[in-house]
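Thank you all for coming. I would like to take you through one structure this morning, and I will put it on the screen before I say anything about it.

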Amino acid sequence: MRLIIKALEHMKVLTVANRKGGAGKSTCAAHLASEAVRSGLKTILIDMDPQKTLEMWWGKRDEENPYLIDTNANDLPKSIETLREKSFDLCIIDTPGDASQNAISGIKVADLVIIPSKPTAPDLSAIGRTISMVEESNKAFVFIITQGIVRAKATLQAASVLSQFGTVAPAVVSNRTAYATAMGLGSSACLLDKQAEGEIQQVWDFVKARLFEEQKSNKKKLTT
Ligand SMILES: Nc1ncnc2c1ncn2[C@@H]1O[C@H](COP(=O)(O)OP(=O)(O)OP(=O)(O)O)[C@@H](O)[C@H]1O
Ligand SMILES: [Mg+2]
């Protein structure tokens, strides 16, 4: 008899990291969380940054999903195991803009690391330090260009520079006031700006495929 066993629906962990401050980590984490919820995923946030930007955004929301838990660098692996048993689909971890234990512990539990980067020379020339930090934990990563000026040469050049080191998301998170406004309101720029909605949806579709496609291909056929 042939049994087709569906792979266990494991929760995926998405960690947002960049050792450079102000790269757009918390803004990406919040907006991807909003899209994940819109796609029907039961999502939980962990804010490993003592600045608590993501937690402040979450605190302004009325909806239950995304959920949020507090933990620390030591307890994070255990917290993730507990969440896996609680039927969450996705955990999004925001990390501080440094190489502290809080940042490293967030990377260590990730299925995929997102590295947001501004398309500027100082940010691009510092990116190697973040890549090394992620590679030390042997984690898959992708880049997202953030705060890009629409149609500016620097934005296109940044994609070409970053693509030498890894995959770059197919859409740029552009510099739009809607993102900063949404962060202050606990909302999403997608509800305030059609163009932001378009680019965030493209970035989310790309991230979602990276995170969950492997799970589909892991379906196992067993014979008895
Ligand atoms: N796409 C964007 N358009 C306009 N402003 C943005 C965008 N992304 C981020 N910002 C603004 O840039 C600043 C830094 O963004 P954010 O807090 O997301 O970066 P971060 O990498 O989390 O910073 P930190 O390292 O301090 O945690 C914030 O004021 C935010 O509102
Ligand atoms: Mg932040």
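Let me start with a question: which residues of α8 are buried? Please keep in mind, as you look, that this is a predicted model. The buried residues of α8 are Tyr 179, Ala 182 and Met 183, and because they cover an arc of only 100° around the axis, they sit on the same side of α8. If you then turn to the face of α8 that points away from this buried side, you find the exposed residues Thr 177 and Gly 184. Just after α8 comes Gly 186, which takes a positive phi of about 70°.

From α8 we can move to ligand 1, around which there are 20 residues, and of these Lys 25, Ser 26, Thr 27, Gly 97 and Ala 180 come nearest. The elements that give two or more residues to this shell are α1, which covers residues 25-38, β7, which covers 141-148, and α8, which covers 177-185. If we sort the residues of the shell around ligand 1 by character, we count five nonpolar, 12 polar and three charged.

Now let me turn to the strands, beginning with β3, residues 43-47. Five of the five residues of β3 are buried, so this strand is largely enclosed by the rest of the structure. Thr 43, Leu 45 and Asp 47 point one way from β3, while Ile 44 and Ile 46 point the other way, and all are buried.

Which strands does β3 pair with? There are five bridges that join β3 to β5, residues 90-94, and the two run parallel, while three bridges join β3 to β4, residues 67-69, again in a parallel arrangement. Ile 46 is a useful residue to follow here, since it stands opposite Ile 93 in β5 and has Ile 69 as its bridge partner in β4. The connection is also worth tracing on the screen, as β3, helix α2 (residues 53-59) and β4 make a right-handed β-α-β unit.

The strand β5 is itself mostly covered, with five of its five residues buried. Leu 90, Ile 92 and Asp 94 point one way from β5, and Cys 91 and Ile 93 point the other way, all of them buried. Five bridges join β5 to β2, residues 12-16, and these strands run parallel; within this pairing, Thr 15 stands opposite Ile 93.

I would like to finish with a single residue, Glu 35, whose place is in helix α1. Is Glu 35 buried or exposed? With 20 or more other C-beta atoms within 10 Å as the cut-off for a buried residue, Glu 35 counts as buried, because it has 21 such atoms within that distance. Leaving aside residues up to four places away in sequence, Glu 35 touches Ile 200, Gln 201 and Trp 204. The C-alpha atoms of Glu 35 and Val 203 are separated by 9.6 Å, although these two residues are 168 residues apart along the chain.

Terms used:
Residues numbered from 1 in each chain as written. Chains lettered and ligands numbered in written order. Predicted model: local features only at pLDDT ≥ 70, side-chain atom pairs only at ≥ 80, totals over all residues. Near = placed C-beta within 6 Å. Helix = DSSP H or I, 4+ residues; strand = E, 2+ residues; numbered from the N terminus. Nonpolar A, V, L, I, M, F, W, Y, C, P; charged D, E, K, R; others polar. Buried ≥ 20, exposed ≤ 12 C-beta atoms within 10 Å, placed from the backbone. Arc of directions from axis to C-beta. Pairing = 2+ DSSP bridges. Right-handed = clockwise from strand over helix to strand, strands pointing away. Contact = placed C-beta atoms within 7 Å.
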